[in-house]
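Work through the exercises below with the sequence and the model open. Each task is followed by a solution in steps.

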Amino acid sequence: MTTLPRRATVTALAAAVPLLIASGIAQGAPATYTHEAAAREFRAAGVSWTSSKNCSNRRDSGCTSFTGINRATVSGAIAFKRTSRCTVIITGGTEAGHSTRGQHTHGNGYKVDMSLAKKHENDVSCLDAYITGHYAKAGTRSDGAALYKSPAGNVYAREGSHWDVTYLNGRA
């Protein structure tokens, strides 16, 4: 086995660091799932999902895809279901059609949309009751969505027909 002189090894490592940073490896890029792996995790925890076209193609905005979803997002949604004891139905994942502004987007795997899952039109959903009753009001987003922040730091935005949830970690 040939060993490089110490100086050559240090030089090689110094040259590799910018490549690791550019690829996201050195920055702690979040670990992600395939659609199938995330779906297995959700199914096992009793989290369901739906799409208007009954599909999972990430490039189709009518689908609900988990391709590239962060593991922390999956764990966070499961932890929320367990903590809140609400029915959790995901209606949006990493598929096209969501805003691409900022780092913590659907496409980057940080967000899911959760259905209100109301039995009757005038009912207050379990999600509405739990989030507004347990999480701190955190202002209003530029589009008018009310924001709530969990003790774990995750952000819940009440959009028209669902909650747009940003998971920064795998806790509720």
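A disulfide is a pair of cysteine sulfur atoms within 2.5 Å. The model is predicted: local features need pLDDT of at least 70, side-chain atom pairs count only at pLDDT 80 or more, and totals for chains, interfaces and linings use all residues. Residues are numbered from 1 along each chain as its sequence is written, and side-chain values use heavy atoms, with hydrogens and water left out.

**Exercise 1.** Find the disulfides and give the handedness of each.

Solution.
1. There are two disulfides in the structure.
2. Cys55 and Cys63 have sulfur atoms 1.9 Å apart. The torsion about their S-S bond is about -100°, so this disulfide is left-handed.
3. Cys86 and Cys126 are joined with an S to S distance of 2.1 Å. Here the torsion is about -80°, so this disulfide is left-handed.
4. Cys86 lies in the loop between H3 and strand S2 (89-92), and Cys126 in helix H4, so the bond ties together parts that are 40 residues apart in sequence. Helices (H or I, at least four residues) and strands (E, at least two) are DSSP runs, numbered from the N terminus.
5. With the bonded cysteines of the chain numbered in sequence order, the pairing reads 1-2, 3-4.

**Exercise 2.** Classify Cys86 and Cys126 as buried, partly exposed or exposed.

Solution.
1. Buried means under 20% relative accessible area, exposed over 50%, and partly exposed in between (1.4 Å probe, protein chains only).
2. Cys86, at 1%, counts as buried.
3. Cys126, at 37%, counts as partly exposed.

**Exercise 3.** Check the length of helix H3 (residues 71-84) against its expected span.

Solution.
1. The expected span is 1.5 Å times one less than the number of residues.
2. For the 14 residues of H3 this gives 20 Å, and the end C-alpha atoms are 20 Å apart, which agrees.
3. The buried residues of H3 include Ala77, Ile78 and Phe80.
4. After H3 comes Arg85, with a positive phi near 65°.

**Exercise 4.** Characterise the aromatic pairs Phe42 with Trp49 and Tyr130 with Tyr135.

Solution.
1. Rings of Phe, Tyr and Trp (its six-membered ring) pair if their centres lie within 6.5 Å; planes under 30 degrees apart count as stacked, over 60 as edge-to-face and the rest as tilted.
2. The structure holds nine such pairs.
3. Phe42 and Trp49 are 6.5 Å apart centre to centre with 50° between the planes, hence tilted.
4. Tyr130 and Tyr135, at 5.8 Å and 90°, are edge-to-face.
5. Ring pairs link Phe80, Tyr130, Tyr135, Tyr156 and Tyr167 into a cluster.
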